[in-house]
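User: Hi! I would like to go through this structure with you and ask how each label is earned.

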Amino acid sequence: PELRAAAVITLNPLDAKLIPDQAKVHLLKPFIDTAPFEAVRPRREDYRAVLASEQHLDPELPWLLAAAMMRPGDKLKSYQILAQALRAIPDIPWQLVVAGDGQAYDAVVQAFTWAMPGRVRFLGLVQPEVMPALYAACDLLVWPAVNEAFGMALLEAQAAGIPVVAGRSPGVENVVAEGATGYLADPGLATFAASVREMLSQKASRVAMGEAAPKVIAEQHSLTAAARRLGAILDEARNP
């Protein structure tokens with residue numbers, strides 16, 4: 001008994017269900033260092049101008065961003081759902097920027113051939129230090145998040161000041177404040193397409209969510225927030 005943990009900390013509600021003694025389970029919200037993302041927000045227009053020039057994007061259109069590894073399985077399935085969802089809203093103007101590389105690169109490109117060359121730009125592997133500026137330059141992160149634990153890109157995008165449309169799951173629900181920083185789509189192509197359509201059609205709402213997102217991330221998902229929560233958990237474990 002003396003070797004048993006006094007507390008079990010989890011980042012995903014699904015993991016918590018595996019612990020027999022639920023009284024010892026403590027949920028710690030996923031967290032990131034928000035500083036790099038806070039630094040880029042004031043220079044959004046500069047980054048946007050550079051990206052427009054480099055990738056021949058139309059700055060008058062909303063830019064969608066997908067940022068994820070390209071590997072067989074759930075990641076590829078997410079990309080394929082995204083491609084099908086965007087194809088289902090041909091009347092809505094948008095351009096998509098894709099950051100990522102991997103074994104399934106060719107399959108991902110194949111999923112978007114219907115939209116090229118005009119509407120999709122593949123950046124390949126983007127280095128971590130470049131990602132904050134890329135998030136800030138875009139307007140909306142779109143990711144179906146099939147079987148995603150929670151999705152670091154979802155946190156990073158919000159910290160950089162853009163809202164998200166993501167597939168609903170317990171882990172993703174833990175990092176997206178639905179209706180405040182983005183939309184969560186129930187499983188299925190149609191619902192994801194409808195959520196993207198809604199976000200693109202309501203510019204004022206989309207901008208407001210982008211402005212609210214960094215505040216929510218700072219309050220709930222920053223290193224400071226995580227340290228505060230972790231400290232409280234450890235105090236309780238020491239003094240049950």
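**From labels to values**

Analyst: Happy to help. In the protein chain, 66% of the contacts between residues at least 6 apart in sequence join residues at least 24 apart. Please keep in mind that this is a predicted model.

User: What makes the radius of gyration of the protein chain agree with a compact globule?

Analyst: A compact globule of 240 residues would have a radius of gyration near 18 Å, and the protein chain has 19 Å, so the two agree. Along its principal axes, the C-alpha trace spans about 65 × 35 × 30 Å. The chain holds 11 helices and eight strands, and buried residues make up 47% of its 240 residues.

User: Why is Ser195 called buried?

Analyst: Its relative accessibility is 12%, and buried means under 20%, so Ser195 earns the label. Ser195 sits in helix 9, residues 189–201. Beyond its neighbours within four places in sequence, Ser195 is in contact with Val165, Tyr183 and Ala185.

User: And how do you know whether Thr34 is buried or exposed?

Analyst: The same way of reasoning works here. Thr34 has a relative accessible area of 11%, and the limit for buried is under 20%, so Thr34 counts as buried. Thr34 belongs to the loop between strand 2 (25–27) and helix 2 (35–40). Not counting residues up to four places away in sequence, Thr34 touches Ile217 and Ser222.

User: Let's turn to charges. What makes the pair Arg197 and Asp91 a salt bridge?

Analyst: Side chains of opposite charge can pair when their charged atoms come close. The N to O distance for Arg197 and Asp91 is 2.9 Å, and the cut-off is within 4 Å, so the pair qualifies as a salt bridge. This pair links distant parts of the chain: Arg197 is in helix 9, while Asp91 is in the loop between helix 4 (74–87) and strand 4 (95–99), 106 residues apart.

User: Why is Asp91 called exposed, and what is Arg197 called?

Analyst: Asp91 has 52% relative accessibility, and exposed means over 50%, so Asp91 is exposed. Arg197 has a relative accessible area of 30%; partly exposed covers what lies between 20% and 50%, so Arg197 is partly exposed.

User: How do you know that Arg168 and Glu178 form a salt bridge, and which parts does the pair tie together?

Analyst: Their side chains meet at 3.0 Å, N to O, and the limit is within 4 Å, so this is a salt bridge. Arg168 lies in the loop between strand 7 (164–167) and helix 8 (170–173), and Glu178 in the loop between helix 8 and strand 8 (182–185), so the pair ties together parts 10 residues apart in sequence. Arg168, at 27% relative accessibility, counts as partly exposed, and so does Glu178, at 43%.

User: Which residues are joined into one network by salt bridges that share partners?

Analyst: Arg44, Glu45, Arg48 and Asp139 are joined in this way. Within that group, the closest N and O atoms of Glu45 and Arg44 are 3.7 Å apart, and within 4 Å is what a salt bridge needs, so this pair qualifies. Glu45 is exposed, with a relative accessible area of 53%, whereas Arg44 is partly exposed, at 25%. A search of the whole structure finds 10 salt bridges.

Methods. Residues numbered from 1 in each chain as written. Predicted model: local features only at pLDDT ≥ 70, side-chain atom pairs only at ≥ 80, totals over all residues. Heavy atoms only, no water. Helix = DSSP H or I, 4+ residues; strand = E, 2+ residues; numbered from the N terminus. Buried < 20%, exposed > 50% of the residue type's maximum accessible area, 1.4 Å probe, protein only. Contact = heavy atoms within 4.5 Å. Rg over C-alpha atoms; globule rule 2.2 N^0.38 Å.
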